[in-house]
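User: Hi! I have a structure open and would like some help reading it. Could you walk me through a few parts?

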Amino acid sequence: MTTRIALDGNRLMADARDLLADTIRLRRRIHAEPELGNHLPMTQAKILDALSGLDLEIRTGDAVSSVVATLIGDGAGPTLVLRGDMDALPMPEDTGEKFASSHTGVMHACGHDAHVAMLAGAARLLHARRRELRGSVKFLFQPGEEGHHGARYCIEEGLLENPKVDAAFALHVFPNLQSGSIQTRPGPMLASSDEFTITVRGRGGHASAPYMAVDPIPVACEMVTALQTHITRTVNVFKPAVLTVGRIIAGTTTNVIPESAELTGTVRTVDAETREQVLGSIEQVVQGIAGAHGCRVDVELDYGYPVTVNDAGFTDFSVGVLTDVLGADRVSLMPAPIMGSEDWSYVLERVPGLMAFLGVCPDGVEPNQAHACHSNLMRIDEDAMAVGIAAHAALALSYLA
Ligand SMILES: [Zn+2]
Ligand SMILES: [Zn+2]
């Protein structure tokens, strides 16, 4: 791992603060016109506009509206990718902000507007200091994080090649964390997230004569409890695993036994082995119960994002750099992973790297009271974006020193 050079943290923060007004303007413009999924032409246009005038090699995506902007430093060296995701969520916004969403039913409630703006700021800062870089920085503006596998498409379109990427860093805003502070951890940071659909098929009939039918409803209910029991009895207690049945659909009225019942839910784990174990056990458990009651059952698994795993060496290096620049009171390690998920995991499966949280708790609000990511009331302290710009730039300047 690279040895750390001494960076002038005060100078870096001052440079980042100089970019803050433009960064806030860009963030608000993106916030006002949020877009969903992998096709985000308006957001892409704003990014290209923000990068104009900089000497960057720019590639836009084919399958997705990504922007990969490469800054080639003065000397030869490794390549670091820095990422900002671009997409919003299909939900209404109720923040009352002046720059609130003008697109009905779409909101930047995960802070990806801030991620884009901070990354554009970091590109500008690092461009001004490109003589200090030995190697290249790829700025990845990535669509489709919210369940659309955007990062995977970017990898398929060559993100990690030409030049070959050696390390990767992404920052995610977090309203429930003191503004301007950074948290991360080595190893698993976020969970895998997979979905399942279980369809139980019996034989319909009259509710007064269940013995003449095969009622799928009690069988489905038994599956819910059996799946919970199976997990607590078979998964190592030190390996977190969550299985939640979030929806049950069955029946139409009080006096009819329906033909089928459907269960859908999610599985979260923080290591690949437990992930396979839990997903594999669903079929085994529900087949056994269906068989006991004369039902048939189909299981459909929808594989979502893998576990987000931070490389221990790169985490160590980054925490050192960020502590030097921001101060020890602003950088801390999380005691445990959280069970949310991220498609940055696809990149971290292939390249050693890191994801970290940036505290953006609004002024005058206790962090544990702040409206979280994915809330219709989610707000951020925009001043913290200066810390985000400095964090991106510090890692690049140190890694490519
Ligand atoms: Zn999100
Ligand atoms: Zn997010």
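User: Let's start with helix α6. Which strands does it lie across?
Analyst: Happy to help! This is a predicted model, and in it helix α6, residues 216–234, lies across β8, β10 and β12. The helix runs at about 175 degrees to β10.

User: What about helix α7, which strands does that one lie across?
Analyst: Helix α7 covers residues 272–292 and lies across β8, β10, β12 and β13. Its direction is at about 165 degrees to β13.

User: And in what order do the strands sit in the sheet?
Analyst: The order is β10-β12-β8-β13, four strands in an open sheet with antiparallel pairing. At the edges you'll find β10 (241–250) and β13 (296–305), each of which pairs on one side only. On average, neighbouring strands are turned by 15 degrees against each other, ignoring direction.

User: Cool. How many bridges join β8 to β13?
Analyst: Eight bridges join them, and the two strands run antiparallel. For one pair to look up, try Ile198, whose bridge partner in β13 is Val299.

User: New topic: at what angle do α2 and α3 pack?
Analyst: Helix α2 (residues 20–32) and helix α3 (residues 41–51) pack at about 165 degrees, and their axes are 10 Å apart. An angle over 145 degrees counts as roughly antiparallel, so that is how α2 and α3 are described.

User: Is their crossing left-handed or right-handed?
Analyst: The crossing of α2 and α3 is right-handed.

User: Which residues meet there?
Analyst: From α2 you have Leu26, Arg29 and Ile30, and they meet Thr43, Lys46 and Ala50 of α3. By type, the residues of this contact are three nonpolar, one polar and two charged.

User: Last one, where is His149?
Analyst: You'll find His149 in the loop between β4 (134–142) and α5 (150–156).

User: Why does His149 count as partly exposed?
Analyst: His149 has 18 other C-beta atoms within 10 Å. A residue needs 20 or more to be buried and 12 or fewer to be exposed, so a count in between means partly exposed.

User: And what does His149 touch?
Analyst: Leaving out residues up to four places away in sequence, His149 touches Gly144 and Asp343.

User: How far apart are His149 and Ala384?
Analyst: They are 235 residues apart in sequence, and their C-alpha atoms are 28 Å apart in space.

Conventions
Residues are numbered from 1 along each chain as its sequence is written. Chains are lettered from A and ligands numbered from 1 in the order in which they are written. This is a predicted model: local features need pLDDT of at least 70, side-chain atom pairs count only at pLDDT 80 or more; totals for chains, interfaces and linings use all residues. Two strands pair if DSSP finds at least two bridges between them. Axes are lines fitted to C-alpha atoms, for helices over the stretch in contact, and angles run from 0 to 180 degrees between N-to-C directions. Two residues are in contact if their C-beta atoms, placed from the backbone, lie within 7 Å. Angles under 35 degrees count as roughly parallel, over 145 as roughly antiparallel, 65 to 115 as roughly perpendicular and the rest as oblique. A crossing is left-handed if the near helix is turned anticlockwise from the far one by less than a right angle, and right-handed if clockwise. Ala, Val, Leu, Ile, Met, Phe, Trp, Tyr, Cys and Pro count as nonpolar, Asp, Glu, Lys and Arg as charged, and the others, Gly among them, as polar.
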